[in-house]
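Colleague: I am new to this structure and would like a close look at a single part of it. Could you take me slowly through the sheets and the places where their strands turn, and tell me how far the model can be trusted there?

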Amino acid sequence: MEDFSKYLGINWTFFLICCMFWIFSPAEGNNISREVGSPAILHCNISSNSTLNQLTWKMNRVLLFSFRPKESLHKSDEAKRLNINMSESHPYALVIERVQKSHEGNYTCEISTVMGVEECKWELKITEEVVPGNLNTLMVVAAVVVPCVCCLIFILALIILYRCHKQRAENCSRTSEMQPEEVIYENCLENDVIQQHGYIQPLPFKTRSRQGGAQY
């Protein structure tokens with residue numbers, strides 16, 4: 001029973017490892033990236049040299065072209081709508097003269113021969129076209145706006161510092177003006193007391209004898 005449990009544990013670990021490799025392994029096929037408006041050619045790279053029975057091109061599993069020797073090429077409505085053609089100079093190649101976002105997807109070329117069926121897969125990615133005029137306009141706007149914003153920030157900072165310095169100077173002047181008035185007021189009170197009594201009367205105090213007797 002223990003051997004059977006170990007056997008199941010080993011098989012389960014091996015299965016998880018295989019699943020991880022399958023998930024993180026790169027997808028099969030060729031990747032190609034084109035800008036909007038540029039041409040794209042997808043070749044059908046088949047290694048078999050056997051006699052061709054049938055060739056088909058599909059986009060996202062939707063039939064585009066079907067070809068049989070000694071028969072005319074069949075072009076589907078989807079291929080006509082997307083303006084996709086098959087090349088005459090490149091055997092079995094798919095040609096898109098001006099790619100658009102609608103051309104983005106997975107393409108599959110299937111060749112059926114006596115030896116079997118072979119596939120060639122492509123993943124076409126479309127990127128947005130960078131217009132030089134718009135880029136230059138953005139650069140000019142940025143070159144004008146950024147210095148202006150920096151100047152405004154610098155001017156605001158100077159105004160704030162000037163106001164803070166001015167307010168601090170006013171507070172200091174007010175404090176210096178209030179101190180002499182207080183001193184003058186105190187001196188006037190002392191002069192009034194002296195004029196009334198002729199001298200400054202000391203505060204009365206009590207004395208005690210050393211023996212704790214009568215007070216004087």
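Modeller: What follows is a walk through the strands, their pairings and their turns, with the rest of the chain as background.

The model is a predicted one, and its secondary structure comes to 3 helices and 9 strands. Read from the N terminus, the elements run α-β-β-β-β-β-α-β-β-β-β-α, an order that can be kept in mind while the strands are sorted into their sheets. The mean pLDDT of the chain is 76, with 62% of the residues at 70 or more. Confidence is lowest in helix H1 (residues 2–24), where the mean is 52, and highest in helix H2 (residues 77–82), where it is 95. Over residues 20–27 the pLDDT is below 50, and beyond near neighbours in sequence this stretch has 0 contacts in the model. At residues 205–216 the pLDDT likewise stays under 50, and there the model has 6 contacts beyond four places in sequence. Where pLDDT is low, the predicted coordinates should not be read in detail.

Turning to the sheets, one of them is open, has 6 strands in the order E1-E9-E8-E3-E4-E5, and shows mixed pairing. Its edges are strand E1 (30–35) and strand E5 (74–75), each of which has a single partner strand, so one side of each is left without a neighbour in the sheet. At the E1 edge, the pairing with strand E9 (residues 116–127) is parallel and extends over 6 bridges, and Glu35 stands opposite Thr127 of E9.

Towards the other edge, strand E3 (residues 52–59) and strand E4 (residues 62–67) are antiparallel and share 5 bridges, with Thr56 standing opposite Ser66 in E4. These two strands form a hairpin with 2 residues between them. Asn60 lies in the loop between E3 and E4, and its phi, near 50°, is positive although the residue is not a glycine. How buried or exposed is Asn60? Its relative accessibility is 42%, and because a residue counts as buried under 20% and as exposed over 50%, Asn60 is classed as partly exposed.

E4 then pairs with E5, again in the antiparallel sense, over 2 bridges. Ser66, which stands opposite Thr56 of E3, also has a bridge partner in E5, namely His74. The hairpin of E4 and E5 has 6 residues between its strands, and Lys70 takes a positive phi there, near 65°.

The other sheet to follow is also open; it has 3 strands in the order E2-E7-E6, with antiparallel pairing. Strand E2 (40–42) and strand E6 (85–86) are its edge strands, each pairing on one side only. E2 is joined to strand E7 (residues 94–96) by 3 bridges, the two running antiparallel, and Leu42 has Leu94 of E7 as its bridge partner. In the loop between E6 and E7 sits Tyr92, whose phi is near 65°, a positive value in a residue other than glycine. At a relative accessibility of 30%, Tyr92 counts as partly exposed.

Strands from both sheets also contribute to the largest nonpolar core, since the elements that give two or more residues to this core are E2, E3, E4, H2, E7, strand E8 (105–113) and E9. The core has 25 residues, of which Leu55, Trp57, Leu64, Phe65, Ile84, Leu94 and Tyr107 touch the most other members. Leu94 thus appears twice in this account, as the bridge partner of Leu42 and among the core residues with the most contacts to other members. In soluble globular proteins, nonpolar side chains tend to be buried together.

For the chain as a whole, 17% of the 216 residues count as buried. Among contacts between residues at least 6 apart in sequence, 55% join residues at least 24 apart. The accessible surface comes to about 17900 Å², and 60% of it belongs to carbon and sulfur atoms.

Outside the sheets, the unreviewed UniProt entry places the feature "transmembrane region" at residues 7–24 and 138–161. In the model, residues 138–161 are 100% helix and 0% strand, and the end C-alpha atoms of this span lie 34 Å apart.

Note on methods:
Residues are numbered from 1 along each chain as its sequence is written. This is a predicted model: local features need pLDDT of at least 70, side-chain atom pairs count only at pLDDT 80 or more; totals for chains, interfaces and linings use all residues. Side-chain values use heavy atoms; hydrogens and water are left out. Two strands pair if DSSP finds at least two bridges between them. Helices (H or I, at least four residues) and strands (E, at least two) are DSSP runs, numbered from the N terminus. Buried means under 20% relative accessible area, exposed over 50%, partly exposed in between (1.4 Å probe, protein chains only). Contact means heavy atoms within 4.5 Å. Accessible areas come from the Shrake-Rupley method with a 1.4 Å probe; for residues, only the protein chains shown count as cover. pLDDT is the predictor's confidence in each residue, from 0 to 100. UniProt positions are given in the numbering used here, feature names are shortened, and annotations may be inferred rather than shown by experiment. A nonpolar core is a set of buried Ala, Val, Leu, Ile, Met, Phe, Trp, Tyr and Cys residues joined through side-chain atoms within 4.5 Å.
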